[in-house]
Amino acid sequence: MKKVSIIDVAKQAGVSVSTVSLVLRQKGKISEATIGKVHAAIAALGYVQNVAAANLRANTSNLIGLILRDFSDSFSIKVMASIVQELEKQGYMVFLGQPLNDGEHLERCLLSFQQQGVAGVIYLASDTRSASLPEQIRQCQLPLVVVSQSLLNENCDLVMRDNRQAASLATRYLIERGHRSIAYIGGVEGDLLRQQRLLGFRSVMSQYGLVLREGSTPDCSDDTQAASYATRQLLENNNTITALLCHSPAAMIGSISGIHHTGRTIGKDVFLSQQVALIGFEDMLHVNLTSPSFTYVSSASEETGRQAAGLMLRKLKEPELQTQRITLSGQLIARESA
């Protein structure tokens, strides 16, 4: 079969080739009637636009490079899906890179992006123990947007979670439900998410005149066994604790085991001394299929992706746009566990 060209579309629609080109690129002042004719001709002929060739002629690109370091991180995966969806709505495609480290792998990834002619780079930071970007990202010459779960000390276009607000929201909710002995469990020492959430946790406890007991914020490695052991030790040493803020999904799942090992149950009733309320910091659909379903502060992952994609598109349209720092707050979703 003969390949359908833009000339064929123009003849079918009864317009010039330049008019078809303007309609395809959504440029110029073209009447709705003419746009309708062009789209009808495209549909009738089965024309498929060669976007790469069009971009080459116009010296533009509809490719965005996306760097995702950790495919095991649910927040990053959800953000990636939201970014891809948002960019595709605007006619952009995502070129995905997964460098194994901050060294030559990351350098090769950025070089590959340049060779493919990407218009900009979105970097999903995964190291929550560093407030700095890798040098290769810092030196990136392409328009750059960074997405981070924690605060970065960088002068860059940044979309990030407000971890202090999330912990403040969760702590205030528990206190207003009658809890007075609350603990925070999980996260390793030096983890920036943990540090920022603890600031919010301690601040609200102080506002309500509540004193944090010694050992009420145990750190542990991010696995269920470690969290289970830490929870068991915490509750055995202080049986007045009635609520836990859980740092991660692993901490939440491990806490369930630890609570049961001490002969206590999960629940929101502060007046039942055997119950321990649990709050997490992101939805965990695989856990919420069980009973009880878990109260959590949303990670705003979908909105994070939308904001990152939108910021990249603004940067491409306005190269002189001032550096933006967008901080997104979570929303508390109250369910059965607290």
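The second largest pocket and the aromatic contacts of a predicted model are described below. Local features were taken at pLDDT of at least 70 and side-chain atom pairs at pLDDT 80 or more, whereas totals for chains, interfaces and linings use all residues. Residues are numbered from 1 along each chain as its sequence is written, and side-chain values rest on heavy atoms, with hydrogens and water left out.

The second largest pocket (on a 1 Å grid over the protein atoms alone, an open set of points where a 1.4 Å probe fits, with protein on both sides within 12 Å along at least five of seven lines) holds about 530 Å³ of space. Its lining comprises 22 residues, of which Asp73, Thr128, Asp191, Asp222 and Ser248 are the closest to the centre; a lining residue has an atom within 4 Å of a point.

A search of the whole structure finds three aromatic pairs, defined by ring centres within 6.5 Å and classed as stacked under 30 degrees between planes, edge-to-face over 60 and tilted for the rest. Tyrosine 184 and phenylalanine 201 form a tilted pair, with 6.4 Å between centres and 35° between planes, and both residues are buried, that is, under 20% relative accessible area with a 1.4 Å probe and protein chains only. Tyrosine 184 also forms a tilted pair with phenylalanine 281, at 6.2 Å and 40°, and Tyr184, Phe201 and Phe281 constitute one aromatic cluster.

The charged end of arginine 197 sits over the ring of phenylalanine 281, 4.2 Å from its centre, the criterion being CZ of Arg or NZ of Lys within 6 Å of the ring centre and within 35 degrees of the ring normal.

How values were computed:
Grid points are joined across faces, edges and corners, and a volume is the space filled by probe spheres set on the points. Rings of Phe, Tyr and Trp (its six-membered ring) pair if their centres lie within 6.5 Å; planes under 30 degrees apart count as stacked, over 60 as edge-to-face and the rest as tilted. Buried means under 20% relative accessible area, exposed over 50%, partly exposed in between (1.4 Å probe, protein chains only).
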